[in-house]
Amino acid sequence: MSTTLDATDLRLLCALVEDPRAQIAELAARVGVARNTVQSRLKRLERAEVLRGSGRDVDLEALGYDVVAFITLEVVHRDLDAVVAGLRRIPTVLEAYEISGRGDIWCRLVAADTHELQAALRQVLRIKGVIRSETVLALHAHVAYRADALLRRAAEVAAAPPSAPTHR
């Protein structure tokens, strides 16, 4: 579902990302609009699926970022901190993890199109300490980020009666 986002929508989304627990009154004050405006916009953004789940998860595709890439970086280890700092300065880098195995850092990056992706990859490669990269494009998300299944399982374990101790 597509929706046009204006400056108020984007300020509201920024406020939600900065403080996911913010109440309607707090959001209204931060964005500079009435509480009713915040409530109606949140409902519209949820209906348009810009906000998913609890209403705090932003669908970046709805903002025009429909290219998702996974990048494995090989880096000079003494420059690792500088590489991570450089990745933090690139807004389209959503996540970066130090990994084991092939490569040193794994990143998830979004872009509006392949031209923007190429520009972001060039930015990454210009970071001092990056030796090489390997990029894989996501074609479709079959299982999006989730925590609910783990939380339900943990709740079941916590609610289960303690098992009797076994004696040998």
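In this predicted model, the buried residues of helix α4 are Leu80, Val83, Gly86 and Leu87. These residues lie on the same side of α4, because the arc they cover around the axis is only 120°. Asp81 and Arg88, on the other side of α4, are exposed. An α-helix has 3.6 residues a turn, so residues three or four places apart point the same way. The buried residues of α4 pack against the strands β3, β4 (93–98), β5 and β6 (130–137), and also against helix α5.

Val83 and Leu87 of α4 also belong to the largest nonpolar core, which has 20 residues. Both are listed among the residues with the most contacts inside this core, together with Leu73, Val75, Ile105, Cys107 and Leu117. Two or more residues of the core are given by each of β3 (67–75), α4 (80–88), β5 (105–111) and α5 (114–125). The largest share, five residues, comes from β3. In soluble globular proteins, nonpolar side chains tend to be buried together.

The surroundings of Cys107 show how one core residue is placed. When neighbours within four places in sequence are left aside, Cys107 is in contact with Ala69, Phe70, Ile71, Leu73, Leu87, Val93, Glu95 and Ala96. Apart from the core that holds Cys107 lies another core, of 16 residues, which includes Leu12, Ala15, Leu16 and Leu42.

Helix α2 (residues 24–31) has Leu27, Ala28 and Val31 as its buried residues. They are on the same side of α2, because they cover an arc of only 100° around the axis. The buried residues of α2 pack against two helices, α1 (7–18) and α3 (35–47). Just after α2, Gly32 takes a positive phi of about 85°.

The packing of α2 on α1 can be described by the helix axes. The axes of α1 and α2 come within 10 Å and cross at roughly 125°. The two helices are therefore oblique to each other, and their crossing is right-handed. On the α1 side, the contact is made by Thr8, Arg11, Leu12, Ala15, Leu16 and Glu18. On the α2 side, Leu27, Arg30 and Val31 take part. Of these contact residues, Leu27 and Val31 are buried residues of α2, while Leu12, Ala15 and Leu16 of α1 are among the residues of the 16-residue core.

How values were computed. Residues are numbered from 1 along each chain as its sequence is written. This is a predicted model: local features need pLDDT of at least 70, side-chain atom pairs count only at pLDDT 80 or more; totals for chains, interfaces and linings use all residues. Side-chain values use heavy atoms; hydrogens and water are left out. A nonpolar core is a set of buried Ala, Val, Leu, Ile, Met, Phe, Trp, Tyr and Cys residues joined through side-chain atoms within 4.5 Å. Buried means under 20% relative accessible area, exposed over 50%, partly exposed in between (1.4 Å probe, protein chains only). Helices (H or I, at least four residues) and strands (E, at least two) are DSSP runs, numbered from the N terminus. Contact means heavy atoms within 4.5 Å. The arc is that of the directions from the helix axis to the C-beta atoms. Axes are lines fitted to C-alpha atoms, for helices over the stretch in contact, and angles run from 0 to 180 degrees between N-to-C directions. Angles under 35 degrees count as roughly parallel, over 145 as roughly antiparallel, 65 to 115 as roughly perpendicular and the rest as oblique. A crossing is left-handed if the near helix is turned anticlockwise from the far one by less than a right angle, and right-handed if clockwise.
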